Amino acid sequence: MNSANNNAAMLEDAVQSCMAQPVYGLPKLEKSQLLAEILTRLTWHHASACPPYARILEAHGHSGPRPFALEDIPFLPVRLFKDYELSSIPDDQRFKVLTSSGTTSQRVSKIILDRNTSTLQTRALISILQQFLGKARLPMLIIDHPGVIKDRKTFSARGAGILGLSNFGRNHAYALRDEDLAPDMETIARFMQAHRGQRILLFGFTFMVWKHFYKPILDSGISLSFEDAILIHSGGWKKLQEEAVENEIFKASLKQALNITAVHNFYGMVEQVGSIFMECEYGRLHTPAFADVLVRNPRDWSVLPKGVKGLIQVLSLLPSSYPGHSLLTEDVGEWTGEDDCPCGRLGRTFKVYGRMAQAELRGCGDTHAAMLEEGPIQS
Amino acid sequence: MSDNNDKLHQVFADSLNIDRKRITDSLGYNTIPEWDSVAHMALIAALENDFDIMLDTDDIVDMSSVAKAREILSKYDVQF
C-alpha cells in the first residue's frame, strides 16, 4: 500500500513538473522523452488501479511494468468509454462524472473524475488559454442560452465547456434566448455598449455560433460590428457539414458580417477535458507540452508520417482517475509539422477533417469489434 | 473580526446563499453543494464588486478556500 501511495505521489510530481514547462516551449526530442516516460507510468498506474484495463493490457501481452516509447503506449478506442465505466479510483473519491452530449440514440461517454484530475484539467485549460487571451479576464459574451448551465447536477458537455471557459471572462452575458435560441439583441446591444473600446471574449459551440448567432443576425439585416473581439469555439463541424461550412468560410463570414477578426477553433473531447488543441493565427491546431497527437493508419494501426490522413490518437498526462491517457479517436486528421509553425509555438501541429465516415467505420468495424473484445491493437 | 474580514464573510454568505455561521477559513471550493462552479462565478463577481478589485484567471482557480480568498485579496492591498 505504501509503495502504491509512493508511486502515485511520484507520478503526480512528474505530471506537475511537466505542467510547469512552458505550454508551447518544449522542443520535440525533450517532449517525446518526457511524455513517453510519464505516459508509461500512467499506463502501469491504471493497470494496477483498474482491473478491466489491466485485462485489456494482458490480452495484448503487456504484463509487468516496462517502458514504452511514445508510439508504443497502448491506446483504447474512445468509444470504449461509452460501453464501459472505467475508473482507477475508489468510489469514495469520485468527485464528478462527465458525460458527453449525444442524441438519444447514441450512448454517452462516462468519465470518472477525482479532485486531482479535475484540478489538473482546470489548470491545463488555464495555461493553454492564457497564451491566447492573457491573464486578465475579458468581458465575455457566451453564444448560448442561460438555461444551458441551469441544471447544476448534470454536467452536459456543453454546460461543462461553458463553465470551464467562464473562468476567462467577467460580466458574463448570454447571447441567446432560452425560449427559442434566437439572438437576444437587447442583451447583445447592452453588452456591446457597456464594453465599448474594450477587448471582449466570445465563446460558443461551433454550430451554435453559426446557426443561432451568425445566420439569424445576418438574415435579420441588423448590422452588428464588434470592435476588438476574440471568438473561441469548439464542438466540431459535423452539424455544419450539410451546409458545407468549413473553417475558412466560418472565419471569413464572421469577419465580414460581424467584424470578429480573431477566431480560434479548438479540438478536444470530453474523454480528455483540459488538454485542448488550440488553433493558432495560421490555422493550425497546436499540441501543448503535456499532450500530443499521433495519426494512425486505420488498416494496420501503424503510425503515419506528416501529411498522410489517418485516425487521430490523442495522448494526455491529465487523466489519472480513469484510463484515458491514450485514446484512439474516430476523427480523421493529419499532422502538419513539429516545432516549425510560423506562429512560433513549439509542439506538433495538425488538422482535423472530421468524423470518419460511418461506412468506413463499419469497414474497419471488425477491427473495432476485435479491439472491444481484446483491447487495443498494437502496430 | 476586522471590517474586511466581516465583509468577506458576508460576501461568501450572500454569493453562496448559505448561513454566515457556516463560513470558516477551511471552507473549500466544491466541498459543499452550494459552492460549485456556477456559484464560484457569482462569488468572484461579488468580491470584485465589493472590494473594488480586478482578479485575473490564476486567482479564480487559486481561490480554493475562504483562507485562500483572504490571501489573494491581500495581494490587491485589501487589509485584514
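In this predicted model, B:Ile23 sits in the loop of chain B that runs between α1 (3–16) and α2 (37–51), and this residue offers a convenient point of entry before the view widens to chain A. Is B:Ile23 buried, partly exposed or exposed? A residue needs 20 or more other C-beta atoms within 10 Å of its own to count as buried, and B:Ile23 counts as partly exposed because it has 16 C-beta neighbours inside 10 Å. Leaving aside residues up to four places away in sequence, B:Ile23 touches B:His9, B:Phe12, B:Ala13 and B:Val66. For one of these residues, B:Phe12, the separation from B:Ile23 is 11 residues in sequence and 7.3 Å in space, taken from C-alpha to C-alpha.

The confidence values for chain B help in reading such details. The average pLDDT of chain B is 93, with 99% of the residues scoring at least 70. Within chain B, helix α3 (residues 57–62) has the lowest confidence, with a mean of 91, while helix α4 (residues 66–75) has the highest, at 96.

From chain B the reader can cross to chain A through the contact between them, to which chain A contributes 14 residues and chain B contributes nine residues. On the side of chain A that touches chain B, α5 (115–133) and α6 (157–166) each supply at least two residues, and α5(A) gives the most, with four residues. Sorted by class, this side of chain A has five nonpolar, five polar and four charged residues. For the model, the scores are ipTM 0.80 and pTM 0.89.

One of the helices just named, α6(A), is itself mostly covered, since eight of its 10 residues are buried. What are the buried residues of α6(A)? They are A:Ala157, A:Gly159, A:Ala160, A:Gly161, A:Ile162, A:Gly164, A:Leu165 and A:Ser166.

Taken as a whole, chain A has 11 helices and 14 strands. Its C-alpha atoms fill a box of roughly 65 × 45 × 45 Å along the principal axes. A compact globule of 379 residues would have a radius of gyration near 21 Å, and chain A, at 21 Å, agrees with that expectation. Of the 379 residues of chain A, 42% count as buried, and among the contacts of chain A that link residues at least 6 apart in sequence, 72% join residues at least 24 apart.

The domain assignment divides chain A into domain 1 (2–75 + 284–374) and domain 2 (121–267), whose C-alpha centres lie 30 Å apart. Where these domains meet, 10 residues of domain 1 of chain A are in contact with 10 residues of domain 2 of chain A. Strand β14 (residues 348–355) of chain A, with three residues, gives the most to the side of domain 1 that touches domain 2. That side of domain 1 of chain A has eight nonpolar, one polar and one charged residues.

Two strand pairings in chain A can be followed down to individual residues. Strand β11 (residues 291–296) of chain A is mostly covered, with six of its six residues buried. From β11(A), A:Ala291, A:Val293 and A:Val295 point one way, whereas A:Asp292, A:Leu294 and A:Arg296 point the other way, and all are buried. The pairing of β11(A) with strand β12 (residues 310–316) of chain A is antiparallel and extends over six bridges, and within it A:Leu294 has A:Gln313 in β12(A) as its bridge partner.

The other pairing to be followed joins strand β6 (residues 200–205) of chain A to β7(A), in the parallel sense and over six bridges. Here A:Leu202 has A:Leu231 in β7(A) as its bridge partner. Strand β7 (residues 229–234) of chain A is mostly covered, with five of its six residues buried.

It remains to consider how confidence is distributed in chain A, whose mean pLDDT is 89, with 91% of its residues reaching 70 or more. Where in chain A does pLDDT stay under 50? This is the case over residues 363–379 of chain A, for which the model has 26 contacts beyond four places in sequence.

Key:
Residues are numbered from 1 along each chain as its sequence is written. Chains are lettered from A and ligands numbered from 1 in the order in which they are written. This is a predicted model: local features need pLDDT of at least 70, side-chain atom pairs count only at pLDDT 80 or more; totals for chains, interfaces and linings use all residues. The radius of gyration is taken over C-alpha atoms; the globule rule is 2.2 Å times the number of residues to the power 0.38. A residue is buried if 20 or more other C-beta atoms lie within 10 Å of its own, exposed if 12 or fewer, and partly exposed in between; C-beta atoms are placed from the backbone. Two residues are in contact if their C-beta atoms, placed from the backbone, lie within 7 Å. Domain bounds come from an automatic or database domain assignment. Ala, Val, Leu, Ile, Met, Phe, Trp, Tyr, Cys and Pro count as nonpolar, Asp, Glu, Lys and Arg as charged, and the others, Gly among them, as polar. Two strands pair if DSSP finds at least two bridges between them. pLDDT is the predictor's confidence in each residue, from 0 to 100.
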